[in-house]
Amino acid sequence: MTARKVTTMTTTEARPGLVPNFDDEAEAGRKIAIICSKGNLDMAYPGLIIANSALGEGVETHLFFTFWGFDMIVKSRMNDLQFSPVGNTAMHPIGDAHIPQALTPLPGMTAMATHMLKKQIADLGVPEVPEFLDQIVAAGGHLWACRMSADMMKLTESDLRDDVEGIISAADFIELTNGAQLLFI
Amino acid sequence: MPVTTLDGHAVHVDDEGFLTEYHEWDEDLAKVLAANIGIELTDAHWKVLRFLRADFTAKGETATTRRVQAVGGVPVKEQFALFPKKPGKKMAYIAGLPKPHGCV
C-alpha cells in the first residue's frame, strides 16, 4: 500500500488587487463570420448560438444567409422552420433507440419531430429563431442576405426581416469580413 | 481559495477574481467592483444587479443576458450599453456572482 500524504488547506492564498481580466482591447480586432446555409429548424440553431456567444464576448459578428438558410430571414417563412427525421440516423426519441428510417417519411412525422424539438428548445429557455435573431441584432450582430439566393428565389428586401442590412454578393461578404474567423453551417 | 482585499474587506474569490461567497457581497462592495472595471453604477445598473442577486437565490445559478431580458425585463441592447462588450461576465462580477454557465 502506498503511503499517501494528506495536506489540508488551512491557509488561504492572498491575492491583493485580483480583478478579472476582461481584456476588451484584445477582442477589439476580432471578427467572426457565420454562413448560414440550412433552413431546417435543427440546423438554424448552431449558427445562432455561436453568434450570440461571440457577441457576448465582445466579438464583431456577421451572419450571411444563403440558399436554404434564407428561410431564417424571410418574414413569411421564418416562423415555420421544420425538423425532419428523414435521413437523420442520430434521432433518439426514447433512450438510445433509433426510429426505423422506413417510418420517418410517414405523414405527421415531421410535424411531430418539429413539435418535440421546439418544446425541448423552449424548455431550455432558448428563444425561437425570429426572436433569437432579434436578440443577436440587439447585441450588435449584423445580418446579411445572399444576392444569388435572393435572385433565384425572386425575393427582395421587402420579403426579408427589416434588420437585414443588405442583399450582397459573396464577394461583398468576403470583403466585409476581412480577417474574420469563418464558420460554414 | 484565493482571498483578495476590496475596500478594506477580505473576500473570497476564484482564480479570475469573481467573488465565490454570496454573502460577502454588499452594495458598497458592488461600487468598488464596478470601479475596478471602469463602470460607474446608475439606477439602470442597479436594476440589473438586484435582479441577478435575487434570481441567483431562486435558481442557484447566474442569469444569462437572455434571462436578464426575458425575466428581469432589461433588454439585451440596454445590457450591452450598461456593461459594454461582455455584459454577461461584467454584470456577474459586479453582482458578486459566478460567471453565467448557460449558452443562451
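Two strands pair if DSSP finds at least two bridges between them. The exercises below apply this to a predicted model.

**Exercise 1. Which residue of chain B stands opposite Glu13(A), and how many bridges join S1(A) to S1(B)?**

Solution.
- Step 1. Start with Glu13(A): Pro2(B) in S1(B) stands opposite this residue.
- Step 2. Go on to Ala14(A), whose bridge partner in S1(B) is Val3(B).
- Step 3. Two bridges join S1(A) to S1(B), which covers residues 2–6 of chain B. Since pairing asks for at least two bridges, the two strands pair.
- Step 4. The direction is parallel. In general, strands of a sheet pair through backbone hydrogen bonds, either parallel or antiparallel.

**Exercise 2. In what order do the three strands of the open sheet stand, and which are the edge strands?**

Solution.
- Step 1. The order is S1(A)-S1(B)-S2(B), and the sheet is open.
- Step 2. The pairing within this sheet is mixed.
- Step 3. The edge strands are S1 of chain A and S2 of chain B, the latter at residues 9–12, as each pairs on one side only.

**Exercise 3. Describe the side of chain A that touches chain B: how many residues are in contact, and which elements give two or more of them?**

Solution.
- Step 1. The contact involves 24 residues of chain A and 27 residues of chain B.
- Step 2. On the chain A side, two or more residues come from each of strand S1 (13–14), helix H1 (24–27), helix H2 (41–56) and helix H4 (129–138).
- Step 3. H2(A) gives the most, with four residues.
- Step 4. Sorted by character, this side of chain A has 10 nonpolar, nine polar and five charged residues.

**Exercise 4. What do the secondary structure and the radius of gyration say about chain A and chain B?**

Solution.
- Step 1. Chain A has six helices and six strands, in the order β-α-β-α-β-α-α-β-α-β-α-β from the N terminus.
- Step 2. Chain B has five helices and two strands; from the N terminus its elements run β-β-α-α-α-α-α.
- Step 3. For chain A, the radius of gyration is 22 Å, whereas a compact globule of 185 residues would have one near 16 Å. The C-alpha atoms of chain A fill a box of roughly 70 × 45 × 25 Å along the principal axes.
- Step 4. For chain B, the value of 13 Å agrees with a compact globule of 104 residues, because such a globule would have a radius of gyration near 13 Å. The C-alpha trace of chain B spans about 35 × 25 × 20 Å along its principal axes.
- Step 5. Buried residues make up 30% of chain A, and 37% of the residues of chain B count as buried.
- Step 6. Among contacts with a separation of 6 or more, residues 24 or more positions apart account for 74% in chain A. In chain B, 45% of the contacts between residues at least 6 apart join residues at least 24 apart.

**Exercise 5. Is Leu52(B) buried or exposed?**

Solution.
- Step 1. Locate the residue: Leu52(B) is in helix H2 of chain B, residues 43–59.
- Step 2. Count the neighbours: 21 other C-beta atoms lie within 10 Å of Leu52(B).
- Step 3. Apply the cut-off: a residue is buried if 20 or more such atoms lie within 10 Å, so Leu52(B) is buried.
- Step 4. Leaving aside neighbours within four places in sequence, the contacts of Leu52(B) are Thr62(B), Ala63(B), Met91(B), Ala92(B), Ala95(B) and Leu97(B).

Note on methods: Residues numbered from 1 in each chain as written. Chains lettered and ligands numbered in written order. Predicted model: local features only at pLDDT ≥ 70, side-chain atom pairs only at ≥ 80, totals over all residues. Contact = placed C-beta atoms within 7 Å. Nonpolar A, V, L, I, M, F, W, Y, C, P; charged D, E, K, R; others polar. Rg over C-alpha atoms; globule rule 2.2 N^0.38 Å. Buried ≥ 20, exposed ≤ 12 C-beta atoms within 10 Å, placed from the backbone.
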